[in-house]
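Please look over the sequence and the model below. This report walks through a few of its local features.

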Amino acid sequence: MDIGKLKDAVAREIDKRYTPLSELSRKIHDSPETAMKERRASGWLTDFLKKDGFSVVKGVAGMPTAFRGDYGKGKPVIAFLAEYDALPKIGHGCGHNLIATCSTAAAIATKVAVDKLGGSVIIFGTPAEEADAGKAIMVGKGVFKGLDAVMMAHPGVRNYVLTSALACQTLEVEFFGRASHAAANPEGGINALEAMILSFNAIDALRQHVKEKARIHGIITDGGEAPNVVPAHTAATFLVRAADDEYLDILKEKVIVCFAGAATATGAELKYRWADVRYEPMLNNVTMAKLFRMNMKSLGHDFPLSSEDERSGSLDAGNVSQLVPVIHPTVAIAPLDVLVHSEGFAEVAATDAALRIMLGAAKALAMTAVDLLASPQTLAGVRAEFQKSKKS
Ligand SMILES: [Zn+2]
Ligand SMILES: [Zn+2]
């Protein structure tokens with residue numbers, strides 16, 4: 001078996017389908033659906049995969065818009081992750097229409113390798129990346145068990161293979177005070193807004209003394225009803241992030257103390273709830289990352305392994321990466337001055353140029369699948385690195 005020729009054949013499968021893939025990407029882009037509401041996108045993607053020979057199951061992990069498409073039988077099992085949720089108001093400002101199309105293209109192309117080498121390829125439709133950590137829910141339901149490698153690529157403004165992502169958990173906070181006339185009877189009231197403002201100030205003070213990469217940021221979602229009424233209720237949503245799970249646990253306690261202190265100071269009652277799922281930090285598989293990089297190079301794209309900008313947000317692919325070897329390269333589709341999560345980025349995500357770049361990445365992902373399916377030693381190396389990094 002000539003691996004080089006097989007990689008060429010895999011890449012050709014993507015070129016052959018350029019027109020339908022571009023229609024797919026455009027449809028998802030032009031009909032943005034937010035977290036857990038991605039009904040049309042999920043339908044278009046599963047129809048596309050069924051036509052190309054995948055057996056599809058919808059409603060995976062209790063989420064109507066999650067799906068799984070299988071081709072082939074037995075080990076090794078290579079999986080691709082498709083995201084397709086949009087942002088409220090901004091639409092596809094994170095370019096998830098391109099992720100869906102890229103992973104679909106990579107999965108379909110990998111069929112050729114599965115036919116020649118055995119094993120199987122699965123594509124998972126993973127909803128709600130932006131809001132409810134759909135992949136974390138899928139991890140919790142055991143959806144990703146038994147996989148050998150998982151891949152996807154995300155559009156961005158820089159090229160790099162090793163994507164960093166912070167551990168992150170959402171906090172919902174409420175203060176309950178007592179309403180009264182703010183001028184005629186202020187001493188009769190308990191001010192829930194002052195409790196909230198004190199909490200923000202306490203968190204500002206805490207922020208000076210947290211570890212590198214930790215982030216605490218929030219918004220007030222209820223700040224009271226009227227200026228002449230002492231606010232009886234306020235609410236806020238916060239995100240608390242850290243480089244690792246251990247420090248996130250420590251930071252969560254420190255954050256709650258800020259709110260509890262404000263409750264004591266004002267007499268308001270504090271209620272809070274941490275989100276059921278949390279985003280876990282990304283564990284990159286460097287062995288796979290190097291294969292992807294080599295395959296990108298053979299296609300004429302020189303990709304650095306790491307980004308020169310170390311800053312990052314959080315990704316639910318991080319949760320998958322704690323369970324299975326994962327790569328999640330970032331692919332530049334826009335210049336540095338176009339911000340991800342902006343309307344400008346959404347416009348770029350609709351262009352042919354952006355799609356061509358992402359389909360280049362899809363080829364390299366499928367070629368990496370060829371490397372893994374063709375060589376048990378390579379796959380053993382990927383697994384060994386994963387086990388070692390889990391222990392450390
Ligand atoms: Zn995003
Ligand atoms: Zn995204």
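Helices and strands here are DSSP runs, numbered from the N terminus: a helix has at least four residues and a strand at least two. The model is a predicted one.

**Two unusual phi angles**

Start with a loop. Met36 sits between α2 (18-30) and α3, in the loop that links them. Met36 is not a glycine, yet its phi is positive, at about 70 degrees. Is Met36 buried or exposed, or something in between? Its relative accessible area is 23%, so Met36 counts as partly exposed.

His341 also has a positive phi, near 70 degrees, and is a residue other than glycine. Look for His341 in the loop between β12 (330-332) and α10 (343-348). His341 is partly exposed, with a relative accessibility of 36%.

**A cis peptide bond**

Now turn to another loop. Between β2 (67-73) and β3 (77-82) you will find Pro76. The peptide bond that joins Lys75 to Pro76 is cis, with omega at about -10 degrees.

**The zinc site**

Which residues coordinate the zinc ion (ligand 2)? Three do: Cys94 through SG, His96 through NE2 and His154 through NE2. The coordination distances run from 2.0 to 2.4 Å. Along the sequence, the spacing of these donor residues is C-x1-H-x57-H.

Cys94 has a double role here. Cys94 bridges the zinc ion (ligand 2) and the zinc ion (ligand 1). These two ions lie 3.1 Å apart. Both Cys94 and His96 are buried.

**Helix α4 and its partners**

Helix α4 covers residues 96-117. It packs with α3 and with α1, as the table shows.

| Helix pair | Residues of the partner | Angle | Distance between axes |
|---|---|---|---|
| α3 and α4 | α3: 39-51 | about 15 degrees | 11 Å |
| α1 and α4 | α1: 3-16 | about 145 degrees | 8 Å |

Take α3 and α4. The angle between them is about 15 degrees. Angles under 35 degrees count as roughly parallel, and therefore α3 and α4 are roughly parallel to each other. The crossing of α3 with α4 is right-handed. On the α3 side, Leu45, Phe48 and Leu49 make the contact. On the α4 side, Ala100, Thr104 and Ile108 do so. Sorted by class, this contact of α3 with α4 has five nonpolar residues, one polar and no charged.

Next come α1 and α4. Their crossing is right-handed. From α1, the contact uses Leu6, Ala9, Val10, Glu13 and Ile14. From α4, it uses Ala105, Ala106, Ala109, Val112, Ala113, Lys116 and Leu117. How many residues of each class does the contact of α1 with α4 have? Ten are nonpolar, none is polar and two are charged.

**A close look at Ala109**

Ala109 belongs to helix α4. Its relative accessible area is 0%, so Ala109 is buried. Which residues does Ala109 touch, leaving aside those up to four places away in sequence? They are Val10, Glu13, Ile14 and Ala366. Val10, Glu13 and Ile14 also appear on the α1 side of the contact between α1 and α4.

Finally, compare sequence with space. Ala109 and Lys7 are 102 residues apart in sequence. In space, their C-alpha atoms are 9.5 Å apart.

Notes: Residues are numbered from 1 along each chain as its sequence is written. Chains are lettered from A and ligands numbered from 1 in the order in which they are written. This is a predicted model: local features need pLDDT of at least 70, side-chain atom pairs count only at pLDDT 80 or more; totals for chains, interfaces and linings use all residues. Side-chain values use heavy atoms; hydrogens and water are left out. Donors are N, O and S atoms within 2.8 Å of the metal (3.2 Å for Na, K and Ca); water is not among the atoms, so sites may look incomplete. Buried means under 20% relative accessible area, exposed over 50%, partly exposed in between (1.4 Å probe, protein chains only). Axes are lines fitted to C-alpha atoms, for helices over the stretch in contact, and angles run from 0 to 180 degrees between N-to-C directions. Angles under 35 degrees count as roughly parallel, over 145 as roughly antiparallel, 65 to 115 as roughly perpendicular and the rest as oblique. A crossing is left-handed if the near helix is turned anticlockwise from the far one by less than a right angle, and right-handed if clockwise. Contact means heavy atoms within 4.5 Å. Ala, Val, Leu, Ile, Met, Phe, Trp, Tyr, Cys and Pro count as nonpolar, Asp, Glu, Lys and Arg as charged, and the others, Gly among them, as polar.
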